[in-house]
Amino acid sequence: MIARLRNALLRAKKSSTRPAIRFDRPLVLFQSDDWGRAGVRDREGWEELRAAGLNLGENLYDFYSLETAEDLHALGQILGKHRDSTGRKPSMVMNFIMANVDFDRCFEPGQKQIPLRPLTEGLPGSWFRPQLLEAYQQGIRERLFYPALHGLTHFCERTVIRELDAGGERSQLVQKLWRAQTPYIHWRMPWIGYEYWDPEMRYARRFLSADDQRAAIKRAAGIFRDLFTSDPFSACAPGYRANADSRMSWFENGVRVAQNGPGERRGPYLDENGMLFTFRTVEMEPTLERCDLERLVSQAEGCFAGGLPAVISVHAINFHSTIQDFRTPTLKLMDEFLTVLEKKWPDLLYVDDADLFSLATEGSYAGENGRVKVGVTTVGANT
């Protein structure tokens, strides 16, 4: 255990001292988690859970459901209104969960693993989202959406299986949710952790083994390839819980951009394998916290002043509309934000994760009318 802790500290020290990459143009990049992940099954599922004794509405994530084709079309319309200095539209990097709990099979006797239904086979049970997969594909073709890998599941399967085997209140809650075709509600059961991270274990053993992570990532990447006909180039771990084993497995499956969460304003950097690490620097989560236009613009301005890209974090829940309409106020704020950015910084560039990687490694990326060059420098320790 001491050796593992020592290695973890060494890796953290190395990352903090790697040269940070700076850019001489204002870059705007959206990164968004939880696409394709089923939550509460609309109003019918909501009422089933209330009848089963859950007091829903205590937390905004009680309203998390799943995006619709209409939600995606509305988002695409707002993105399609805007242009950067080269005429390019903004693009949303969408991190996908590649499978959901298969509710039709989860109560079958003798299950050794949680049965999953890949997105390539549609949604599980009674979930109904007509034309959803087609809406993803349309947005990708129009370069409004950029698919990236979030995971196979969002929760730690090992933890849930352990609790189901143990019985008790936790097992009863899981079964109650599954009967209503809701996989979980995280704030009510934080012990389920995240895909590669088991919070119930001792600190040094919370991450799954390298082999277990490799198997999960390989399976998720395979579904990703089947759905999007390409390797995942960018990835973000559920809950931002990733370690060296996670990133190595990503790399083996084609990932070259490792997304990291907000909380520290750090510049992107390249590791020893040539993987680009990005850090979210602007939080636009109007569904989850107070979020006003002035603060967003100020955060973006601070990024540009320091040569950092404005990496905007906005989760899928902000665009949901079936149980509660979060979509309308989010799109209004996004429209206003992009309008201000375009007016205030006329040399603004909208990029996605692949563009940022190209800039970091080549100093240019493929724009609407040929290569777009940006001045790129590296500076001392990463801060």
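Reader: Between which two secondary-structure elements does the loop holding D347 lie?

Author: In this predicted model, D347 belongs to a loop rather than to a helix or strand. The loop runs between α10 (327–344) and β13 (349–350).

Reader: Is D347 buried, partly exposed or exposed?

Author: The relative accessible area of D347 is 31%. Buried residues have under 20% and exposed ones over 50%. Because its value falls in between, D347 is classed as partly exposed.

Reader: Which residues does D347 contact, leaving aside its neighbours within four places in sequence?

Author: One of the partners is S85, which is 262 residues away from D347 along the chain, although the C-alpha atoms of D347 and S85 are separated by 5.2 Å. With neighbours within four places in sequence left aside, the contacts of D347 are R25, P26 and S85.

Reader: At what angle do the axes of α7 and α8 cross, and what is the hand of the crossing?

Author: Two packed helices are described by the angle and the distance between their axes. Helix α7 covers residues 210–228 and helix α8 residues 244–252, and their axes come within 9 Å. The axes cross at roughly 40°, and the crossing is right-handed.

Reader: Which residues make the contact between α7 and α8, and how do they divide by character?

Author: Helix α7 contributes A210, Q213, R214 and I217, while α8 contributes D245, S246, S249, W250 and E252. By character, the residues of this contact are three nonpolar, three polar and three charged.

Reader: Which strand gives the largest share of the lining of the largest cavity?

Author: The search of the whole structure finds two cavities of 30 Å³ or more, and the largest has a volume of about 50 Å³. Its lining consists of R37, I97, A99, N100, V101, T153, H154, F155, P183 and Y184, which divide into six nonpolar, three polar and one charged. The largest share, three residues, comes from strand β4 (residues 99–101).

Reader: How do the lining residues of the second largest cavity divide by character?

Author: This cavity has a volume of about 40 Å³. The residues lining it are F155, V160, V174, W178, P183, Y184, M189 and I192. They divide into eight nonpolar, no polar and no charged.

Reader: Which lining residues lie nearest the centre of the second largest pocket?

Author: The second largest pocket holds about 500 Å³ of space. Its lining of 26 residues divides into 12 nonpolar, eight polar and six charged. Nearest the centre are D34, Y61, H154, Y194 and H315.

Technical notes. Residues are numbered from 1 along each chain as its sequence is written. This is a predicted model: local features need pLDDT of at least 70, side-chain atom pairs count only at pLDDT 80 or more; totals for chains, interfaces and linings use all residues. Side-chain values use heavy atoms; hydrogens and water are left out. Axes are lines fitted to C-alpha atoms, for helices over the stretch in contact, and angles run from 0 to 180 degrees between N-to-C directions. Helices (H or I, at least four residues) and strands (E, at least two) are DSSP runs, numbered from the N terminus. A crossing is left-handed if the near helix is turned anticlockwise from the far one by less than a right angle, and right-handed if clockwise. Contact means heavy atoms within 4.5 Å. Ala, Val, Leu, Ile, Met, Phe, Trp, Tyr, Cys and Pro count as nonpolar, Asp, Glu, Lys and Arg as charged, and the others, Gly among them, as polar. On a 1 Å grid over the protein atoms alone, a cavity is a set of points where a 1.4 Å probe fits but cannot get out, and a pocket is an open set with protein on both sides within 12 Å along at least five of seven lines; lining residues have an atom within 4 Å of a point. Grid points are joined across faces, edges and corners, and a volume is the space filled by probe spheres set on the points. Buried means under 20% relative accessible area, exposed over 50%, partly exposed in between (1.4 Å probe, protein chains only).
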